[in-house]
Amino acid sequence: MRERTLGSLTTSALGLGCMSMSGMYGPADETESIATIHAALDAGITLLDTGDFYGMGHNEMLIRDALRDRDRDQVTISVKFGALRDPGQNWAGYDGRPAAVRNFLAYSLRRLGTDHIDVYRMARVDPAVPIEDTIGAIAEMVQAGHVRHIGLSEAGPEAIRRAAAVHPIVDLQIEYSLLSRGIEKEILPVCRELGIGITAYGVLSRGLLSGHWTRDRKVGADDFRARGPRFQGENLDHNLALVEALRGVAESRGVSVAQAAIAWVLARGEDIVPLVGARTRERLNEALGALDVAFTEEDLAAVEQAVPADAAAGDRYPTAQMAHLDSER
């Protein structure tokens with residue numbers, strides 16, 4: 001497994017995003033989820049990404065169980081915090097107050113069964129709390145030994161600069177794929193100026209770019225994608241047409257659609273680590289194959305011709321959730 005550097009943190013060139021193992025995309029098989037985490041670790045993936053609100057804490061406990069017989073020091077656990085939910089699992093905003101930071105962290109440490117979290121980050125910038133206060137509180141936890149590194153998530157250029165002025169930031173976690181290239185205009189240049197890496201989630205656009213999604217695929221009401229604008233009506237037809245264009249390029253190079261999409265993100269820079277959201281060993285193995293894809297400049301140009309920048313139809317989140325994205329302001 002090749003390595004990449006995110007700020008002062010060295011990690012595997014691919015990370016495993018564990019969100020889909022805890023119900024965000026509908027039911028998942030817990031035994032298969034743990035087997036997939038084990039397979040990722042055995043393949044050399046060292047970065048596991050989670051959120052304390054994934055499955056209302058279930059995801060952290062799943063990772064705890066998966067790591068029970070593994071060397072904790074060989075795994076980088078990245079945790080997002082701050083999202084508020086009610087007993088009906090509805091979203092209720094975000095809380096970045098220092099007292100809340102310490103509270104969220106205490107519960108995550110217990111659920112994960114560890115004495116430290118490697119990268120800790122607010123899931124969304126809380127507009128009601130100065131980001132300096134939130135980062136300052138995490139910095140205190142770094143000093144106390146409970147956190148090793150500080151990251152950001154979906155932050156815009158100004159928030160990134162303000163956060164980095166308080167404490168070194170190793171990475172920004174943000175959606176980045178052939179269908180979501182908004183970071184290239186301002187956010188990526190600011191991160192590179194400040195020496196901040198990118199952990200890219202949504203590299204397969206929640207399955208759209210996997211090559212396995214079909215127009216007639218049914219999703220349950222508990223699947224996040226049932227409300228995703230890019231999966232609706234004419235938007236879906238348009239986006240699947242882009243996928244078919246990408247399929248033509250991928251097959252001509254002897255790779256799968258998913259591998260082409262992941263390889264494109266890998267090629268965007270050594271300071272970018274794609275998070276693959278595989279929840280089965282089959283999908284993980286396909287994603288790992290992207291590491292062996294050696295695209296030429298001509299290949300990359302063909303990929304971008306198939307899926308041009310800003311070609312996606314529909315926002316990446318429903319309107320209410322888009323309002324929480326500091327990165328989109």
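The side chain of Gln259 reaches to within 3.0 Å of the backbone nitrogen of Ser256. This is one detail of a predicted model, in which the protein has 329 residues, 58% of them counted as buried. The fold contains eleven helices and twelve strands. The points below take the surroundings of Gln259 first, then the protein as a whole, then further individual residues.

**Gln259 and its surroundings**

- Gln259 is placed in helix 8, which covers residues 257–266.
- A second backbone atom is also reached by the side chain of Gln259, namely the oxygen of Glu286, at 3.0 Å.
- Gln259 has a relative accessible area of 14%; because the limit for a buried residue is under 20%, Gln259 counts as buried.
- Once neighbours within four places in sequence are set aside, the residues in contact with Gln259 are Glu286, Gly289, Ala290 and Val293.
- Glu286 therefore appears twice in the account of Gln259, as the owner of the backbone oxygen reached by the side chain and as a contact residue.

**Overall form of the protein**

- The radius of gyration is 19 Å, which agrees with the value near 20 Å that a compact globule of 329 residues would have.
- Along the principal axes, the C-alpha atoms fill a box of roughly 55 × 40 × 40 Å.
- Among contacts with a separation of 6 or more, 75% are made by residues 24 or more positions apart.
- The accessible surface amounts to about 13,700 Å², and carbon and sulfur atoms account for 49% of that surface.
- The protein carries 35 positive and 47 negative charges, and the mean positions of the two sets are 3 Å apart.

**Lys80, a buried lysine in a strand**

- Lys80 belongs to strand 5, residues 76–81.
- With a relative accessibility of 4%, Lys80 counts as buried.
- The side chain of Lys80 is joined to the side chain of Gln173 by a polar contact of 2.9 Å.
- Beyond its neighbours within four places in sequence, Lys80 is in contact with Asp49, Thr50, Gly51, Asp52, Phe53 and Tyr54, and also with Arg121, Ala123, Ser153 and Gln173.
- Several of these contact residues can be placed in strands: Gly51 falls within strand 4 (47–51), Arg121 within strand 8 (117–122), and Ser153 within strand 9 (147–153).

**Residues with positive phi**

- Most residues other than glycine have a negative phi.
- Met56 has a phi near 55 degrees, a positive value in a residue other than glycine.
- The loop that holds Met56 runs between strand 4 (47–51) and helix 2 (58–66).
- Met56 counts as partly exposed, at 40% relative accessibility.
- Ser205 likewise has a positive phi, near 50 degrees, and is a residue other than glycine.
- Ser205 lies in the loop between strand 11 (197–201) and helix 7 (233–252).
- Ser205 counts as buried, at 2% relative accessibility.

**Loop residues on either side of helix 4**

- Val129 is located in the loop that links strand 8 (117–122) to helix 4 (131–144).
- The relative accessible area of Val129 is 10%, and the residue is buried.
- Apart from neighbours within four places in sequence, Val129 is in contact with Gly96, Arg97 and Thr134.
- His146 is found in the loop between helix 4 and strand 9 (147–153).
- His146 is partly exposed, with a relative accessible area of 32%.
- The contacts of His146, with neighbours within four places in sequence left out, are Leu105, Leu109, Asp115, His116, Ile117 and Met141.

**Separations in sequence and in space**

- Val129 and Asp292 stand 163 residues apart in sequence, and their C-alpha atoms are 44 Å apart.
- Thr319 and Gly289 are 30 residues apart along the sequence, with a C-alpha to C-alpha distance of 35 Å.
- Thr319 lies in helix 11 (residues 319–322) and counts as exposed at 66% relative accessibility.
- His146 and Ala200 are 54 residues apart along the chain, and 25 Å separates their C-alpha atoms.

Notes:
Residues numbered from 1 in each chain as written. Predicted model: local features only at pLDDT ≥ 70, side-chain atom pairs only at ≥ 80, totals over all residues. Heavy atoms only, no water. Helix = DSSP H or I, 4+ residues; strand = E, 2+ residues; numbered from the N terminus. Buried < 20%, exposed > 50% of the residue type's maximum accessible area, 1.4 Å probe, protein only. Polar contact = N/O pair within 3.5 Å; in protein donor to acceptor, adjacent residues only side chain to side chain. Contact = heavy atoms within 4.5 Å. Rg over C-alpha atoms; globule rule 2.2 N^0.38 Å. Areas by Shrake-Rupley, 256 points an atom, 1.4 Å probe, with all protein chains shown as cover. Lys, Arg positive; Asp, Glu negative; His and termini not counted. Charge placed at Lys NZ, Arg CZ, Asp CG, Glu CD.
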